[in-house]
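Reader: Hi! Could you walk me through the salt bridges here?
Author: Happy to, let's put the structure up.
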Amino acid sequence: MINFLDLQKINNQYQKELKEACARVIDSGWYIMGNELESFEREFAEYCGVKHAIGVANGLDALILVIRAWKEVGKLKAGDEVIVPANTYIASVLAITENDLVPVFVEPNPVTYNLCPTNVRAAITAKTKAILPVHLYGLISPMPELIDIAKEHNLLMLEDSAQAHGANIDGKKVGNWGDAAGFSFYPGKNLGALGDAGAITTNDDELAQTVKALRNYGSHKKYENLYQGINSRLDEIQAAMLRVKLKFLGQETARRREIANCYRSEITNPLIQLPEWNNDENHVFHLFVIRTENRDELQKYLTDNSIQTVIHYPIPPHKQPAYARWNQKTFPITEKIHQQVLSLPIDPTMTDDCINTVIRIINGYE
Ligand SMILES: *Cc1c(COP(=O)(O)O)cnc(C)c1O
């Protein structure tokens with residue numbers, strides 16, 4: 001079986017350093033909000049090229065807490081509209097509804113799967129207060145165009161960067177374009193902890209201070225609570241794991257791009273639509289997503305040939321039972337994407353042999 005993603009193999013590469021880091025935390029006797037978190041926050045901020053990184057418990061909390069902080073400082077209020085791609089993972093939408101704001105779904109660009117600036121413009125109303133672009137599958141959204149729109153209409157910009165650590169346009173990375181960004185370090189993400197973890201990045205001092213309080217019971221100072229906060233801290237062990245993994249993110253991303261390059265140049269089956277890419281650093285290939293007419297049939301064929309694939313995602317947020325109030329809406333581009341996409345194995349530890357097997361089997365599909 002060629003696995004979709006072999007986390008054991010990925011983390012085994014760094015076994016010695018991970019175990020040493022873990023032992024360092026155990027021996028320190030300090031497990032929450034200590035040196036490891038502070039160091040990781042500094043190192044991740046530097047990696048993204050931003051002033052602040054704030055560790056939180058997971059990627060969903062990162063997105064929720066940015067919007068929550070904007071409510072606390074009076075920049076947003078319940079009922080405000082947030083523009084979000086219709087074809088995203090549900091977390092992007094939950095961050096909006098959890099704060100009692102209103103998601104306005106827009107159809108993506110059918111080739112890049114990311115927000116389409118023309119559709120964003122068309123969706124703006126007097127109630128629109130923010131744009132939430134999702135750098136889906138690892139490809140950065142068209143940020144220069146989206147920033148222009150945000151400036152014109154005085155909108156906040158929150159980047160969902162959970163899938164795109166390090167993706168950049170001319171060296172300017174995700175997390176450094178909007179007013180703030182949310183990252184996930186879920187184990188399967190490009191930068192993955194050995195458990196749940198997330199972070200917020202921003203260049204805004206006030207936002208950083210507010211989020212730091214909100215993640216820790218709304219408290220800047222022990223036992224003084226400025227806000228009704230939550231407990232969403234990134235613990236010392238996960239911060240230590242992430243410091244080790246961050247050092248190798250560059251080389252893992254390079255390997256992902258190498259695999260994507262092989263797939264893109266050698267998969268020649270006309271039944272398969274490959275992801276667009278100009279060989280630039282704009283894509284970090286969290287996922288290698290192909291499209292085909294009879295997706296379920298292709299997936300079965302690949303499974304029968306011992307190749308594991310995953311669908312990202314089978315059901316768009318507006319069709320989920322959790323959002324029954326929007327089930328009647330239709331977004332044809334989005335719905336078609338969800339019917340046709342299939343993610344191929346893309347694992348930095350994949351051997352050239354495995355890559356070639358995937359290519360050969362896919363080219364043999366008819
Ligand atoms: C993974 C993911 C999240 C949420 O991250 P968690 O750490 O699992 O909470 C948010 N948005 C997108 C696009 C994701 O892929």
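Reader: Is Lys 247 buried or exposed?
Author: Lys 247 counts as exposed, at 54% relative accessibility. Buried means under 20% relative accessible area, exposed over 50% and partly exposed in between, using a 1.4 Å probe and protein chains only.

Reader: Thanks! Before we go on, what should I know about the model?
Author: This is a predicted model, where local features need pLDDT of at least 70, side-chain atom pairs count only at pLDDT 80 or more, and totals for chains, interfaces and linings use all residues. Residues are numbered from 1 along each chain as its sequence is written, and side-chain values use heavy atoms, with hydrogens and water left out.

Reader: Cool. Which side chain meets Lys 247 in a salt bridge?
Author: That of Glu 17, at 2.6 Å from N to O. A salt bridge here is a side-chain nitrogen of Lys or Arg within 4 Å of a carboxyl oxygen of Asp or Glu. Glu 17 is partly exposed, with a relative accessible area of 29%.

Reader: How many salt bridges are there in the whole structure?
Author: A search finds 16.

Reader: And what does Lys 51 pair with?
Author: Asp 205, with their closest N and O atoms 2.9 Å apart. Lys 51 is exposed at 51% relative accessible area, while Asp 205 is partly exposed at 37%.

Reader: Switching over, what about Arg 121?
Author: Arg 121 forms a salt bridge with Glu 152, and the closest N and O atoms are 3.0 Å apart. Arg 121 is partly exposed at 40%, whereas Glu 152 is exposed at 52%.
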